[in-house]
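I opened the model today to go through its salt bridges, its cysteines and its strand pairing. My notes follow in the order I looked things up.

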Amino acid sequence: MAQYDYDLFVIGGGSGGVRAARLAGGMGKRVAVAEEYRYGGTCVIRGCVPKKLFVYASQFSEHFEDSAGFGWTVGETSFDWSVLIENKDREIDRLEKAYRSGLDGANVTIIDARAELADRHTINLSTGETVTAERILIAVGGKPRLHDSLPGGEHCISSNEAFHLNSLPKSILIEGGGYIAVEFANIFHGLGVDTTLLYRGPEILKNFDIDMRHGLVEAMQAKGINIVLNETMTKIDKRGDGQLEVKFTGGTSVIVGEVMLAIGRVANTQGLGLDNAGVEMSKSGAITVDEFSRTNIDNIWAIGDVTDRVQLTPVAIHEAICFIETVFKDNPTKPDHETVATAVFSQPEIGTVGLSEDDASKVYDALEIYRASFRPMRHTLSGRQEKMIMKLVVDAKSRVVVGAHVLGPDAGEMAQVLGVALKARLTKDAFDQTMALHPSAAEELVTMYQPTYRISKGERVGG
């Protein structure tokens, strides 16, 4: 039997790769993990964690405004971008050290280098070393999609650079309609930047429930965010004063300080040497895996965004755990990608789990839709007119709640708890029998006793 340097070699030091390495190392396996940038991956280093810190920072402008209705007098306020960046960087450094410490504690060999497959068992490192492994796990995540065909596209930034801008621009154009584009539009606007959101389609957040999408657009426009739909950029020119002139297909143009691309993410598979090992990829460039995260090469697995299944950090961690169960514990375990709670940390934020109304109507013959729209108590004294929307999508035959959607303060927190209920396949009766917590916005989820309208064979009935 061949002798290898490692029982498991993990390529990629993000959330999924680190979790798999730590668990395998804790079992006494000989494990190494290679990361060319920083440990923690996209989420921790330049993704959801620093983004959430930015979200918090951007909310204070509204908090200051709202406090007056509650008797507070707030003096002159100012925002210092450099302080936010410095404090954010300090927290990211702390988290990266925690990731490294966890690997050290599990006796995992940490390799600060780029890794490339030479064959199915051999890895070349950018340090010049070559190592071998019985099993290889690829967890290199994804990266922002670029706009290579756009003249002047080199002047654009992505979410990566947005976390490290030297100064806050006075104006910004963000292209995209997904959660990253929407979140950053709200972040920059909340920090006082004149913000335009540009999307080529008719609706932003196309995979979310229609009521959440419409409610958020209304709220964003009311705040002063300019949303331009059914439009794309044709050219970007950098002016002598450093500003960017952006031209659109419709013939109009705008001058802004920065242009940010948030037009999707792609699997980070370039230069991994996948061809050397014979690993198959999809047309989009993602690694193709089976239901157990195994590639077509029986000793190579892949998890997380590099497989382009469900691009969420907790999903990558879950896939890592399933990988360990399958490979090292003789307990074949398939990742469960059904009924995954998610959130858009916009202002107001969206929390959602399960099927949207449109998607559910394609699966079930008859639906009951429970919908409530109201001004939450926190806005009553502040005078803010922003509405909260709550919605339950119910299979009329079984009475099982198949979708739950919230737009408003703390919607993401509610979605996490709702995820338990939907994963357990609870019925609407269970919601109705649950005592309300008053006064709270969330009580509306258990006090909507009559359907607002019904859906029969895809058609709305009543309401």
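**Salt bridges**

I began with Glu183, which forms a salt bridge with Lys51; the closest N and O atoms are 2.9 Å apart. The model is a predicted one. I then checked where the two residues sit. Glu183 is in helix H6 (residues 179-190) and Lys51 is in helix H3 (residues 48-67), so the pair links distant parts of the chain, 132 residues apart.

Buried or exposed, I asked of Glu183? Its relative accessibility is 0%, so Glu183 counts as buried. Lys51 comes out at 9% and also counts as buried.

Next I took Lys391, which forms a salt bridge with Asp211, with 2.6 Å between the closest N and O atoms. This pair, too, links distant parts of the chain: Lys391 lies in strand E20 and Asp211 in helix H7 (residues 210-223), 180 residues apart. I noted both Lys391 and Asp211 as buried.

For a third pair I picked Lys247 and Asp237, whose side chains meet at 3.9 Å, N to O. Lys247 belongs to strand E12 (residues 244-248) and Asp237 to strand E11 (residues 233-238), so this salt bridge ties together parts ten residues apart in sequence. I found Lys247 partly exposed, with a relative accessible area of 32%. Asp237 counts as partly exposed at 26%.

I also found a network. Salt bridges with shared partners join Glu62, Glu65, Asp66, Lys223, Arg384 and Glu386. My search of the whole structure gave 32 salt bridges.

**Cysteines**

How many disulfides does the structure hold? I found one. It joins Cys43 to Cys48, with an S to S distance of 1.9 Å. I read -115° about the S-S bond, and the link is left-handed. Cys43 counts as buried at 12% relative accessibility. Cys48 is partly exposed, with a relative accessible area of 31%.

Then I asked why Cys322 has no bond to Cys43. The closest cysteine sulfur to that of Cys322 is in Cys43, 19 Å away, and that is too far for a bond. The cut-off for a disulfide is 2.5 Å between the sulfur atoms. Cys322 is buried, with a relative accessible area of 4%. I looked up Cys156 as well, and at 15% relative accessibility Cys156 counts as buried.

**Strand pairing**

I turned to the open sheet. Four strands form it in the order E10-E9-E8-E14, and the pairing is parallel. Which strands stand at the edges? They are E10 (226-229) and E14 (258-261); each has a single partner strand, so one side of each is left without a neighbour in the sheet. Neighbouring strands here are turned by 20° against each other on average, direction ignored.

Inside this sheet I followed one pair. Strand E8 (residues 171-175) and strand E9 (residues 194-199) pair over five bridges in the parallel sense. I picked Leu173 and found Thr196 in E9 as its bridge partner.

Last, I looked at strand E19 (residues 366-374). E19 pairs with strand E22 (residues 453-456) in the antiparallel sense over four bridges. Here Glu368 stands opposite Arg454 in E22. E19 also pairs with strand E20 (residues 388-395), again antiparallel, over eight bridges. I noted Met388 in E20 as the bridge partner of Phe374. My notes on E20 also include Lys391, from the salt bridge with Asp211.

Note on methods. Residues numbered from 1 in each chain as written. Predicted model: local features only at pLDDT ≥ 70, side-chain atom pairs only at ≥ 80, totals over all residues. Heavy atoms only, no water. Pairing = 2+ DSSP bridges. Helix = DSSP H or I, 4+ residues; strand = E, 2+ residues; numbered from the N terminus. Axes fitted to C-alpha atoms, helices over the stretch in contact; angles between N-to-C directions. Buried < 20%, exposed > 50% of the residue type's maximum accessible area, 1.4 Å probe, protein only. Salt bridge = Lys/Arg side-chain N within 4 Å of Asp/Glu carboxyl O.
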